[in-house]
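Here's a walk through one protein model, taking a few local oddities first and then the way its pieces pack. Have a look at the sequence and structure before reading on.

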Amino acid sequence: MAEASLGLKKDSIAEVYALEAYDYALKIKDKPGIQESSKILHSSNKAKGNFETALMYHERYQEVTNELSKNENEKGLTMLKTKIQYDQQKKQLILENEKALAKQKVYIYIALFILLIFLGITMLIRKNAEIQKKLNVELISKTKDLEKKEEHLKDVNHTKDKLFSIIGHDLRGPIGAFQGLIKLFKEGEMSKDEFLSFVPKLKTDIDHISFTLNNLLSWGQTQMNGSSTKPCITPLENIVEENIALLSEIASNKSIKLINRVEPNTLTWSDSDQLDIIIRNLISNALKFTPEKGMVTIGATEKLNQWEIYVRDNGIGMDEETMGKIFSKNSSHTTYGTNDEKGTGLGLALCKEMVEKNNGIIWVNSAQNKGSSFYFTIPKAKKSTRKVLKSKRLGNQWPTAVPL
């Protein structure tokens with residue numbers, strides 16, 4: 001650390017680390033450590049103009065260097081003496097061994113021949129065992145792959161069945177009604193005024209179809225492993241404001257008050273598209289189960305490393321059994337809203353999957369006839385990344401999402 005700091009021209013920091021290293025070296029009597037730290041302290045003090053201190057450490061460096069050189073010379077001399085003795089003993093041993101080996105060659109050749117026979121037999125047995133083991137591993141691996149593929153096919157088939165079921169029941173009806181009205185109008189069996197009177201209902205149905213299709217596409221992608229999460233700096237308040245504007249007409253039709261309590265600059269580290277789907281589904285769900293003249297509140301509480309976001313309503317609420325089913329991806333549980341609004345049963349399961357993809361959790365607190373509060377967590381944007389976003393700010397309006 002001291003050498004790195006010195007290389008970066010941070011002499012004061014280098015001196016702190018070098019002093020600490022010097023103290024440690026003195027305690028454990030590590031002369032190379034004393035030598036290196038003295039050298040660094042000499043350089044740092046010299047750079048700061050502390051020439052007396054620099055001279056002291058330079059003298060200490062020279063002293064230790066001389067001691068080390070002396071020790072190396074003594075060590076070399078000892079090693080040379082040892083080597084000479086070793087060579088003499090080696091020659092003597094070689095002569096003795098040559099005499100002994102001459103007598104033992106016959107026995108060694110016989111022993112080697114027998115050893116080769118046993119070695120060949122052992123290699124054959126081991127090779128057969130390895131082949132058998134490899135075949136067993138491949139068989140187990142292929143069995144597991146087949147089981148995984150079978151499970152995946154079951155999930156895909158279940159997803160397909162559910163998609164077709166929803167398309168058949170929840171989309172075909174409104175589209176068929178729309179086609180029927182157009183046919184009546186086209187054939188002159190319905191006047192223009194009568195057709196226009198159905199426009200508000202048609203718009204509601206088309207909005208429902210669009211919302212359902214978005215959920216279906218998103219859910220289908222997650223089930224078939226086709227979606228990827230791309231987190232970036234996402235201002236939560238923008239997502240909430242956009243969805244309140246999008247769903248304001250539905251709220252207005254039921255005289256429901258939408259309250260946004262998300263503070264400005266609530267920056268999350270999340271996939272902006274997935275966060276948008278989560279917020280939209282939770283607000284839409286709250287509007288669905290809140291009676292006329294009710295209230296839906298959206299807010300966020302700051303935690304240590306994450307935001308705890310909530311969508312709260314004073315609607316009809318849920319019992320314990322219903323709360324245990326609503327987040328299951330294999331559940332087809334769906335209920336009608338206070339104005340007989342129909343859902344697909346996918347929204348909350350989709351929310352759960354997308355919250356977890358963004359390293360969060362989702363849960364609900366509810367009581368019948370008192371309302372429901374949905375909570376989920378999303379990681380906060382780190383302080384270091386917030387500076388990047390500030391440099392991209394335009395006037396007083398934050399962009400929806402800023403990738404790094």
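## Two loop residues with positive phi

Asn 265 counts as partly exposed because its relative accessibility is 37% (buried is under 20% relative accessible area, exposed over 50%, partly exposed in between, with a 1.4 Å probe and protein chains only). Asn 265 sits in the loop between strand 2 and strand 3 (267-270), and has a positive phi of about 65 degrees despite not being a glycine. For background, most residues other than glycine have a negative phi.

Lys 293 is another non-glycine with a positive phi, also about 65 degrees. Its place is the loop between helix 8 and strand 4. With 74% relative accessibility, Lys 293 counts as exposed.

## The model and the overall picture

This is a predicted model, where local features need pLDDT of at least 70 and side-chain atom pairs count only at pLDDT 80 or more, while totals for chains, interfaces and linings use all residues. Residues are numbered from 1 along each chain as its sequence is written, and side-chain values use heavy atoms, with hydrogens and water left out.

The protein chain has eleven helices and seven strands (DSSP runs numbered from the N terminus: H or I of at least four residues for helices, E of at least two for strands). Of its 404 residues, 34% are buried. Take the contacts (heavy atoms within 4.5 Å) between residues at least 6 apart in sequence: 71% of them join residues at least 24 apart.

## Helix 3

Helix 3 (residues 31-48) has 18 residues, so at 1.5 Å a residue it should span 26 Å, and its end C-alpha atoms agree at 25 Å apart (the expected span is 1.5 Å times one less than the number of residues). Its buried residues include Gly 33, Ile 34, Ser 37, Ile 40, Leu 41 and Ser 44. Right after helix 3 comes Gly 49, with a positive phi near 90 degrees.

## The open sheet

Which order do the five strands of the open sheet take? They run 2-4-5-7-6, with mixed pairing (two strands pair if DSSP finds at least two bridges between them). At the edges are strand 2 (257-261) and strand 6 (362-367), each pairing on one side only. Ignoring direction, neighbouring strands are turned by 15 degrees against each other on average.

Strand 4 (residues 295-302) and strand 5 (residues 306-313) are antiparallel partners over seven bridges. Thr 301 has Glu 308 in strand 5 as its bridge partner.

## Helices 7, 8 and 10

Helix 7 (residues 236-253) lies across strand 2, strand 4 and strand 5, at about 175 degrees to strand 2 (axes are lines fitted to C-alpha atoms, for helices over the stretch in contact, and angles run from 0 to 180 degrees between N-to-C directions). The axes of helix 7 and helix 8 come within 9 Å and cross at roughly 35 degrees. Residues making this contact include Ile 239, Ile 244 and Leu 247 of helix 7, and Leu 275, Ile 279 and Arg 280 of helix 8. By class, the contact has twelve nonpolar, three polar and two charged residues (Ala, Val, Leu, Ile, Met, Phe, Trp, Tyr, Cys and Pro count as nonpolar, Asp, Glu, Lys and Arg as charged, and the others, Gly among them, as polar).

Helix 8 (residues 272-288) also packs with helix 10 (residues 347-357), at an angle of about 145 degrees and with axes 9 Å apart. Ile 277, Ile 278 and Leu 282 are among the helix 8 residues here, meeting helix 10 residues including Leu 350, Cys 351 and Met 354. This contact divides into eight nonpolar, four polar and one charged.
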